[in-house]
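Please work through the exercises below with the sequence and the coordinates open beside you. Each task is followed by a solution that proceeds step by step.

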Amino acid sequence: MQYAQAITVLRKMQAAAPPMAAARIEAVIDLMIDLFDENAALRTRLQPLPQATLDPLFQQTVDLLLPALTSLRGQIRSLRDGGLGRLNSDQDDALHLAELQADTAFDMIDSLFTLMKVESGVLQLHNEAFDGEATIYRAWNWVKDRADARDHKVSMRIDDPLPPVLGDPIQVLTILVDLMENAVLYTPNGGSIRVTADTLGTHVLFGVEDTGIGISPDDRVGEAFWRGVHHPLVRQHPGGGLRLYLDRELLHLMGGELFFSGEPDEGSTFSFTLPTAVPSDEP
């Protein structure tokens, strides 16, 4: 169900609901409209705002949004759990979309906070040696159920042995989850996903390959607030267009790089490097 359809269904629910329930549904509709407009505005900002402008504006927005978002998400979940009676499939779909939009707003706020810390140089990374292979499997456990639901064929190819990797293990886990989740979301049912890790001298190359929608030459992958909404499969999943941009910035801070390649409708590969935690044998 798309945004306009969800609004239509919610309006019908509101018209038939008792006054208290109608007021709650009106709050859901208002927030969905606000989030849709905000996401559209953010996607047009190809250049970051100056720090002096961004900080106060963002902080004020967060102070206003977070309590309302937290309350609204709780109300949505209560409605989906039958708080006001049993829902039909259209009603549940509409509330599910509203819940996804709220989750997207929370994710965008979190991403913007982290990005502001990166750009201002105050983000503290905890770089240490860690097990890259174990981190891959931890990340995959986060997305495995969604891949299974789409009947994706998944394979792993990891160097044995894979040397310890140097970086912030929590941030690297998050980056792997981002790349794997994108592969799952944007690969049609029955497609294939392969996760790799190769030793390249002083670095390890992590990769996530898929047979999904691919990348077009005009795509601005990795730019802040950009999403490939020209593709129907992307439009099915709300997002803020910040995760890949933030992942690339975090990798730079850890001495790594983000790479991507692909062809339209033939799949894509997203890879990144990190230094190993052991010295090279080369002189």
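**Exercise 1. Describe the accessible surface of the protein and its overall make-up.**

Solution. The model is a predicted one, and its accessible surface comes to about 14800 Å², of which 53% belongs to carbon and sulfur atoms. Turning from the surface to the interior, buried residues account for 43% of the 283 residues. The secondary structure consists of 8 helices and 7 strands. Finally, when contacts with a separation of 6 or more are considered, 72% of them are between residues 24 or more positions apart.

**Exercise 2. Work out the strand order of the open sheet, and find the helices that pack on it.**

Solution. Begin with the order: 5 strands form the open sheet, arranged as 2-4-5-7-6 with mixed pairing. The edges are strand 2 (153–158) and strand 6 (257–263), each of which pairs on one side only. On average, and with direction ignored, neighbouring strands of this sheet are turned by 10° against each other.

Next, take one pair inside the order. Strand 4 (residues 192–200) and strand 5 (residues 203–210) run antiparallel and are joined by 8 bridges; one point to check on screen is I193, whose bridge partner in strand 5 is D210.

Now add the helices. Helix 5 (residues 132–149) packs on the sheet and touches strand 2, strand 4 and strand 5, while its direction makes about 175° with that of strand 2. Helix 8 (residues 243–253) also packs on the sheet, where it touches strand 6 and strand 7 (267–275), and its direction makes about 140° with that of strand 6.

**Exercise 3. Which residues have the most contacts inside the largest nonpolar core, and which elements give two or more residues to this core?**

Solution. The largest nonpolar core has 44 residues, and those with the most contacts inside it are I136, L176, M180, F206, F272 and L274. The elements that give two or more residues to this core are helix 4 (89–120), helix 5, helix 6 (169–185), strand 4, strand 5, helix 8 and strand 7. Helix 6 provides the largest share, with 9 residues.

**Exercise 4. Classify the ring pair formed by F206 and F272, and place F206 in its surroundings.**

Solution. The count of aromatic pairs comes to 2. For F206 and F272, the ring centres lie 4.9 Å apart and the planes meet at 15°, so the pair is stacked, given that planes under 30 degrees apart count as stacked. F206 belongs to strand 5 and F272 to strand 7, so the pair ties together parts that are 66 residues apart in sequence. Both F206 and F272 are buried. Leaving aside residues up to four places away in sequence, F206 touches G132, I136, V165, L176, T196, A197, F270, S271, F272 and L274.

**Exercise 5. Is D247 buried or exposed, and what does D247 touch?**

Solution. D247 is located in helix 8, and its relative accessibility of 0% means that D247 counts as buried, the limit being under 20% relative accessible area. The buried residues of this helix are R243, L244, Y245, L246, D247, L250 and L251. If residues up to four places away in sequence are not counted, D247 touches I175 and D178.

**Exercise 6. Find the places where the backbone departs from the usual geometry, and say where each of them lies.**

Solution. The expectation is that most residues other than glycine have a negative phi, and that most peptide bonds are trans.

- Peptide bond: the bond from D160 to P161 is cis, with omega near 5°, and P161 lies in the loop between strand 2 and strand 3 (165–167).
- D151: phi is near 55°, a positive value in a residue other than glycine. D151 lies in the loop between helix 5 and strand 2, and with a relative accessible area of 53% D151 is exposed.
- D265: phi is positive, at about 65°, although D265 is not a glycine. D265 is found in the loop between strand 6 and strand 7, and at 60% relative accessibility D265 counts as exposed.

For comparison with a glycine, G255 takes a positive phi of about 80° just after helix 8.

Technical notes: Residues are numbered from 1 along each chain as its sequence is written. This is a predicted model: local features need pLDDT of at least 70, side-chain atom pairs count only at pLDDT 80 or more; totals for chains, interfaces and linings use all residues. Side-chain values use heavy atoms; hydrogens and water are left out. Helices (H or I, at least four residues) and strands (E, at least two) are DSSP runs, numbered from the N terminus. Buried means under 20% relative accessible area, exposed over 50%, partly exposed in between (1.4 Å probe, protein chains only). Contact means heavy atoms within 4.5 Å. Accessible areas come from the Shrake-Rupley method with a 1.4 Å probe; for residues, only the protein chains shown count as cover. Two strands pair if DSSP finds at least two bridges between them. Axes are lines fitted to C-alpha atoms, for helices over the stretch in contact, and angles run from 0 to 180 degrees between N-to-C directions. Rings of Phe, Tyr and Trp (its six-membered ring) pair if their centres lie within 6.5 Å; planes under 30 degrees apart count as stacked, over 60 as edge-to-face and the rest as tilted. A nonpolar core is a set of buried Ala, Val, Leu, Ile, Met, Phe, Trp, Tyr and Cys residues joined through side-chain atoms within 4.5 Å.
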